[in-house]
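Please find below my notes on the charged side chains in this entry. They are set out as numbered points.

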Amino acid sequence: MGRIMRSAAVAAGLALACVAAAADHRIETVAEGLDHPWSLAFLPDGRMLVTERAGRLRVIADGALRPEPVAGVPPAYVASQGGLFEVLSDPDFESNGRLYLTLAHGGPDANATRLVRARLADGRLHDVEVLFTAKPPKDTPVHYGGRMAWLPDGTLALGLGDGFDYREAAQRRDSHLGTIVRLNADGSVPADNPFVGEPAARDEILSYGHRNIQGLVYDRGRDVLWAHEHGPRGGDELNRIRAGANYGWPLATHGVDYNGALVSPYTSRPGTEPPVVHWTPSIGPSGMALYQGDLFPEWRGDLLVSTLVEQSVRRLVIEDGAVVRQEILFRDLGERIRDVRVGPDGAVWLLTDAADGRVLRVTPAGE
């Protein structure tokens, strides 16, 4: 696994945020009329793929949304927060045409996050394979996680949620709920996962004690896997992921329940990893990207976190492993932002979370 999981977490804290002026950037609508777009992926030939939570995979080509969705997408369980989630291309997509998709699978009484792999050709998916389904199933249509990230050794990290009513399961290593799992590209278990061979533990688990992973990014320059997760009323977290580590939920949290009751009297506990940053009150983190482009050179190396509650993107400036400053971006849109991505040309791309959702491209003013 290299060095990516061995860095210690730095102390939690909330840096002062400021608001960037709308005049600093230009925002254009590339596509609209999407039903709660969830994830965006760039293909080597210039096409883009967008998932709709309603279960459709769409293509943007030559600056326009194609009217017909991609055929052959496996059906998702679409209810509340459930549906089609992330789309991620294979590192060797140019030669194999493979995509990875996450979705809610099952029905009201038994559902779970599922990972599938397929080959994209001629406007449809071929050779669809189920690689992983979280266990045990749950009967709540919420807190699925679903974000993915490639790691430098060719393995795949997948963030999962706790199912909301099953938060205690996040502390049990015999459950995938509230964990990040690590898989080989074919869905098999890497032999060096931290709990392989441990009785009463799931071999796929990389880390546990999470509430609902919504952002997952591998930072090659720092050799860090970053993850962020929703808290309840407060207690959203950015974490540096370490193999085998416990991230505390629900034993330790800065958040309180939606009814105002304490989830836990503790914000830290022995044997758990503190967050790098927590956001209290909640900003509703949803997606995350690492900026490595040229259009906004002052952002290079920063994390961009899209938010639902704050209706913004948080720019996190990182120095020596710590978040030293935060900036609030794009709040002038006044829309919930589900995902943020960095395009091959360095432009920032946003997905708005709405029944009439949009794909937006952000460039510096004057570009």
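**Salt bridges and burial**

1. Aspartate 219 is buried, its relative accessible area being 1%. The cut-off for calling a residue buried is under 20%. The model is a predicted one, and the values here should be read as computed from it.

2. Aspartate 219 has arginine 222 as a salt-bridge partner, with 2.6 Å between the closest N and O atoms. Arginine 222 counts as partly exposed, at 28% relative accessibility. The pair therefore joins a buried aspartate to a partly exposed arginine.

3. Aspartate 353 and arginine 336 also meet through their side chains in a salt bridge, at 2.9 Å from N to O. Aspartate 353 sits in the loop between strand E24 (348–352) and strand E25 (357–364), and arginine 336 in the loop between strand E22 (322–329) and strand E23 (337–342), so the contact ties together parts 17 residues apart in sequence. Aspartate 353 is buried, with a relative accessible area of 10%, while arginine 336 is partly exposed at 34%.

4. Is the aspartate paired with arginine 119 buried or exposed? The partner is aspartate 127, and the closest N and O atoms of this salt bridge are 3.2 Å apart. Aspartate 127 is exposed, with a relative accessible area of 51%; the cut-off for exposed is over 50%. Arginine 119 is partly exposed, at 32% relative accessibility.

5. Some of the charged residues are joined in a network: salt bridges link Arg26, Glu28, Asp345 and Arg361. In total, the structure holds 27 salt bridges.

Key: Residues numbered from 1 in each chain as written. Predicted model: local features only at pLDDT ≥ 70, side-chain atom pairs only at ≥ 80, totals over all residues. Heavy atoms only, no water. Salt bridge = Lys/Arg side-chain N within 4 Å of Asp/Glu carboxyl O. Buried < 20%, exposed > 50% of the residue type's maximum accessible area, 1.4 Å probe, protein only. Helix = DSSP H or I, 4+ residues; strand = E, 2+ residues; numbered from the N terminus.
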